[in-house]
Amino acid sequence: MNKIALAGLLPEELCASLSLSPSFRGNQLFQWIGKGAYSFDEMTNLSTELRASLAEKALIRSTQVSDVLKAEDGTVKLQIRTEDGLAVETVLLTDRAGRKTACVSCQAGCAMGCAFCKTGTLGLARNLSAAEIVEQFLYLEKYAGLLDNIVFMGMGEPLLNLDAVRKAIAVLTDKRGRNLSSRRITISTVGIVSGIYDLADKGPAVRLALSLTTADETLRRELMPASLSNSLHDLRQAISYYIEKTGKRVTLEAVLLAGKNMSEKNADSLIAFAKDLDVHINLIPWNPVEGLSFTTPNQEETEEFVSRLEKGGLNVTLRMHRGKSIAGACGQLGKTETGAV
Ligand code: SAH
Ligand code: SF4
């Protein structure tokens, strides 16, 4: 019999799937899991008999940490192994102010095939379950203490695994458990138009980041095959709808590829795309990926591009390279093969 993975379940689902009664037992178990308990024996307010029966039927963690890699800048990457032997990665980022962010994966690999991204070269093995997503966060909290934010910017496309992503968010934000605020959650998407409308209409009302990369349609199609069925025009409308519906400013992300998406014309198209939208621009100099032939822009080129965008009235942040030495930066995830071990 397969054991039940508990980390992706809400209290009432814990009760139903484990036949727990009275119902407050579900809350107690949920609380222990959210607090990062590793074993049923830690759950001292549950009887010894109940703990023994839970241990027979259920798993507090369905995944295991197979490796921990640390960089000098404080970035930590955990390699996680799923029950069926897939490798996924989750990263802890600490900013200058000491705020800690979990960057979690939602798929093993990714089917989107963006030309500049390491995960894109792997293809998709499968979607992760809600439990497998929540467990990444719990492992990082076990490692680093309470975290401030969670971003879905690890491996995979969140809007193509929206059910599990929603479920993981429901568990992490539930007041009876970890009680994380939805303001501290960001979903980053390659730009799946239908998924953006779905999220806007049905929630949760989290922060949204669109990996725009470029507002030049031909170039975007070349770099990001997903844009063949998600045009810039439709994306812009979807983003505008998301902003209107949620009242939240959206982030437009662009990985900077020297000589590719940083010309004056590229800057002008980005300015035109962002015009009259409540957006913030987040630029990420390309993190080198072995086997991919792009170039990271130098400081001069980067500053020139930033200043063009700012002159065009845009609000721009340049994201630093964090975790580079352990390949724990954006787009470098997937060093370990996603095949079975
Ligand atoms: N699939 C989602 C979330 C994961 S990718 C998405 O594409 O948004 C997270 C971010 O990393 C995206 O903005 C993506 O454009 C960026 N990225 C991918 N490869 C990169 C690389 N090699 N260097 C820097 N950023 C990269
Ligand atoms: Fe997938 Fe995002 Fe990488 Fe594109 S950038 S291949 S969507 S993980």
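How do the residues of the shell around ligand 2 divide into nonpolar, polar and charged? In this predicted model, five residues of that shell are nonpolar and three are polar, while none is charged. The shell around ligand 2 consists of Cys-110, Met-112, Gly-113, Cys-114, Cys-117, Gly-120, Gly-156 and Val-190. Three cysteines, Cys-110, Cys-114 and Cys-117, thus stand in the surroundings of ligand 2, together with the nonpolar residues Met-112 and Val-190. The polar part of the shell is made up of the glycines Gly-113, Gly-120 and Gly-156.

Ligand 1 is surrounded by 19 residues. Those that come nearest to ligand 1 are Gly-156, Ser-188, Ser-211, Trp-286 and Asn-287. Gly-156 also belongs to the residues around ligand 2, and is therefore found in the surroundings of both ligands, given the cut-off of 4 Å between heavy atoms. Nitrogen atoms of ligand 1 take part in several polar approaches to the protein. A nitrogen atom of ligand 1 lies 3.0 Å from an N or O atom in the side chain of Trp-286. The side chain of Glu-157 places a polar atom 3.3 Å from a nitrogen atom of ligand 1. With Phe-116, the approach is made through the backbone, a polar atom of which is 3.1 Å from a nitrogen atom of ligand 1.

At the level of the whole protein, the chain is divided into domain 1, covering residues 4-59, and domain 2, covering residues 73-326. The C-alpha centres of domain 1 and domain 2 are 33 Å apart. Contact between the domains involves 16 residues of domain 1 and 15 residues of domain 2. About 1300 Å² is buried between domain 1 and domain 2, and carbon and sulfur atoms give 63% of this area. On the side of domain 1, the most area is lost to domain 2 by Ala-7, Phe-30 and Tyr-38, which together account for 36% of what that side buries.

Polar interactions also link the two domains. Two salt bridges are counted between domain 1 and domain 2, and four residue pairs, with both residues at pLDDT 80 or more, are in polar contact. On the side of domain 1 that touches domain 2, α1 (11-18) and α2 (24-34) each supply at least two residues. The largest share of that side, five residues, comes from α2. By residue class, the side of domain 1 that touches domain 2 comprises nine nonpolar, five polar and two charged residues. A salt bridge is formed by the side chains of Lys-167 and Glu-13, with a distance of 2.8 Å from N to O.

Definitions and conventions: Residues numbered from 1 in each chain as written. Chains lettered and ligands numbered in written order. Predicted model: local features only at pLDDT ≥ 70, side-chain atom pairs only at ≥ 80, totals over all residues. Heavy atoms only, no water. Domains from an automatic or database assignment. Contact = heavy atoms within 4.5 Å. Buried area = accessible area lost by both parts, 1.4 Å probe. Salt bridge = Lys/Arg side-chain N within 4 Å of Asp/Glu carboxyl O. Polar contact = N/O pair within 3.5 Å; in protein donor to acceptor, adjacent residues only side chain to side chain. Helix = DSSP H or I, 4+ residues; strand = E, 2+ residues; numbered from the N terminus.
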